[in-house]
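Biologist: I'm new to this one, and I'd like to know what stands behind each label you use. Could you walk me through it?

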Amino acid sequence: MRTPRRIAVVGGGTMGAGIAALACRHGIATVLCDVDDAAVWAGVHRVNDELARRVQRGRMCAADADRASARLTASAGLDAVAGAQLVLEAIPERADLKRDLFARVERIAPEAVLASNTSSIPIATLAEAVAAPERVVGLHFFNPPGAMRLVELVTTPATAPETAAIARALAEAIGKQVVAVADGPGFLVNRCARPYYLEALRIVESGAATPAQVDRACEAAGFPMGPFRLMDTIGIDVSLAVTRSMFEQSGGEPRWAPSPIQERMAAAGSLGRKSGSGFYEYGDGRDDAPAGDDGDGGGSPELVERIVAQLVNEAWFALDAGVAEADDVDLAMTVGLGYPRGPLAWGRELGLAHVVALLERLAGPQGDPRYRVAAGLAEAAEGAPGAGAAPPGAVPAPPGAVPAANAPAPPSGAPAPPAGAFAPPAGASAPPAGATR
Ligand SMILES: NC(=O)c1ccc[n+]([C@@H]2O[C@H](COP(=O)([O-])OP(=O)(O)OC[C@H]3O[C@@H](n4cnc5c(N)ncnc54)[C@H](O)[C@@H]3O)[C@@H](O)[C@H]2O)c1
């Protein structure tokens, strides 16, 4: 497939500049466009700072950085997108702005693939704004784009295969692992990661543990960062906005209902690291001190099991909805976010019947709809009780799980998970802490 040799990136902020730097490093002539001269130059500085940092860290030589920088041109307005084979937008997360942008870009670059880096706006909503929706695709990079290996390639039913192939070729040419994903709430990664935050928040809401206890338990199980520390890093408002968007797009799916804790904290301006306090306090030498009662020690492995059961369930819901292939689900969550195991493999390791029994217990006699079991998971669990049936095309379970000293007790009547199901896989090396939102 032909890799674009000339691209345009519109929006030179955090993501746009990072992606432009990547493209320039990989030999691709890149035009960076922004609203006015000041914004353009800020974007160019970001690109050059990124290249300079790589030189400082010994990751590239100064001559290569100079060559990469020379591949960048920059311009206020959109005229310079003419001649680009692919135009990637990385402007603020507002559907009206992005739709207007694509409609204007289409007139200037009628042959170009129109790619969006949106995290949460349906690609179909953007494609509706142009005359040729077959040229529209999502190319969802993660933050920081230079360090995060995964890119979601999001297609709609209207996306032409040629469009998807060109977008994939670009992402692969700049060193990314691409997963093909169908358009829908949260695409794949943000969707499959949602329970990591929401179930953790429910645990704290119920008083079963403090945020710091849940974090310690998750980190002990091999997650690169506990859910509360991660929400503080992402921004509690940003994480809440993604949850809200998924909840609204789905017409009120109970599993994705925003947490009252996050709502209260966002309203109070307690946004995490960027505001100086969130689930932890930051600054004044108190970096990462838990806000409020720390509780004693770490949370129990049962808390992690609860979160993992919902991660497994969500992954099966995504499979049922045709969001991605089974292999790609596990790949995305391990390569993309550094989870110690893919959720599908983890479910098999625990035993699908065990996962279903736990979800049913959490649903309680009233059948709390947040714990409804995915149809594919229920079916697979029935087909292979305890053993854990593999979804079609699933990757094998990771080898060499380390025995856990304190494996959780199984719920009554459910088969026990194997020892080690909550320990990091042997030799696991964590990629950068997953910056999903
Ligand atoms: N920041 C993240 O963690 C992250 C991760 C993945 C995806 N995204 C998505 O990437 C996109 C960009 O996010 P960001 O964090 O880089 O934003 P940002 O605010 O850092 O940068 C946005 C840039 O777009 C420019 N801009 C605004 N309106 C414009 C217009 N009409 N035409 C041209 N340029 C315009 C701004 O001047 C700014 O330079 C969003 O859709 C966001 O959801 C962000």
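Modeller: Let's begin with Phe187. This is a predicted model, and in it Phe187 has 27 C-beta neighbours inside 10 Å.

Biologist: Is Phe187 buried or exposed, then, and what makes it so?

Modeller: The cut-off for buried is 20 or more other C-beta atoms within 10 Å. Phe187 has 27 of them, so it counts as buried. You'll find Phe187 in the loop between strand S8 (177-182) and helix H7 (189-205).

Biologist: What is the phi of Phe187 like?

Modeller: Phi is near 50° there, a positive value in a residue other than glycine.

Biologist: How do you know whether Thr118 is buried or exposed?

Modeller: Same kind of check. Thr118 has 23 other C-beta atoms within 10 Å, and the mark to reach is 20 or more, so Thr118 is buried. Thr118 also sits in a loop, the one between strand S5 (113-116) and helix H5 (123-127).

Biologist: Which residues does Thr118 touch, not counting those up to four places away in sequence?

Modeller: Glu93, Lys98 and Gly138. Take Gly138: Thr118 and Gly138 are 20 residues apart in sequence, yet their C-alpha atoms are 7.2 Å apart in space.

Biologist: And Asp232, buried or exposed?

Modeller: Asp232 has 29 other C-beta atoms within 10 Å. Set that against the 20 needed, and Asp232 is buried, therefore. Its place is in helix H9. Leaving aside neighbours within four places in sequence, Asp232 is in contact with Gly272, Arg273, Gly278, Phe279 and Tyr280. With Tyr280, 48 residues along the chain, the C-alpha separation is 7.4 Å.

Biologist: How much of the protein is buried?

Modeller: Buried residues make up 51% of its 437 residues. The secondary structure comes to 16 helices and 10 strands.

Biologist: Since you mentioned helices, how do you describe two that pack together?

Modeller: By the angle between their axes and the distance between the axes. Try helix H8 (residues 211-220) and helix H9 (residues 227-234): the angle is about 105°, and the axes are 7 Å apart.

Biologist: What makes H8 roughly perpendicular to H9?

Modeller: Angles from 65 to 115 degrees count as roughly perpendicular. At about 105°, the pair falls in that range, so H8 is roughly perpendicular to H9. Pro211, Val214, Asp215 and Cys218 of H8 make the contact with Pro227, Phe228 and Arg229 of H9. By class, that gives five nonpolar, no polar and two charged residues.

Biologist: Why are H12 and H14 called oblique to each other?

Modeller: Helix H12 (residues 301-320) and helix H14 (residues 343-350) pack at about 120°, with axes 8 Å apart. Roughly perpendicular stops at 115 degrees and roughly antiparallel begins over 145. The angle lies between those marks, so H12 and H14 are oblique. Their crossing is left-handed. On the H12 side, Val308, Leu311, Val312 and Ala315 make the contact, and on the H14 side Pro343, Leu344, Trp346 and Gly347 do. Seven of these residues are nonpolar, one is polar and none is charged.

Biologist: How do H12 and H15 lie to each other, and how do you know?

Modeller: The axes of H12 and helix H15 (residues 352-363) come within 10 Å and cross at roughly 110°. The range for roughly perpendicular is 65 to 115 degrees, so H12 and H15 are roughly perpendicular to each other. Here Glu305, Arg306, Ala309, Val312 and Asn313 in H12 meet Val355, Leu358, Leu359 and Leu362 in H15. That contact has six nonpolar, one polar and two charged residues.

Biologist: And the ligand: how many residues surround it?

Modeller: 25 residues, and the closest are Gly11, Gly13, Met15, Glu93 and Asn143. The largest share of the shell, three residues, comes from H1. Overall, the shell divides into 13 nonpolar, 10 polar and two charged residues.

Biologist: What kind of peptide bond joins Asn143 and Pro144?

Modeller: A cis one, with omega about 0°. Pro144 lies in the loop between strand S6 (136-141) and strand S7 (150-155).

Note on methods. Residues numbered from 1 in each chain as written. Predicted model: local features only at pLDDT ≥ 70, side-chain atom pairs only at ≥ 80, totals over all residues. Axes fitted to C-alpha atoms, helices over the stretch in contact; angles between N-to-C directions. Helix = DSSP H or I, 4+ residues; strand = E, 2+ residues; numbered from the N terminus. Parallel < 35°, antiparallel > 145°, perpendicular 65-115°, else oblique. Left-handed = near helix turned anticlockwise from the far one by under 90°. Contact = placed C-beta atoms within 7 Å. Nonpolar A, V, L, I, M, F, W, Y, C, P; charged D, E, K, R; others polar. Near = placed C-beta within 6 Å. Buried ≥ 20, exposed ≤ 12 C-beta atoms within 10 Å, placed from the backbone.
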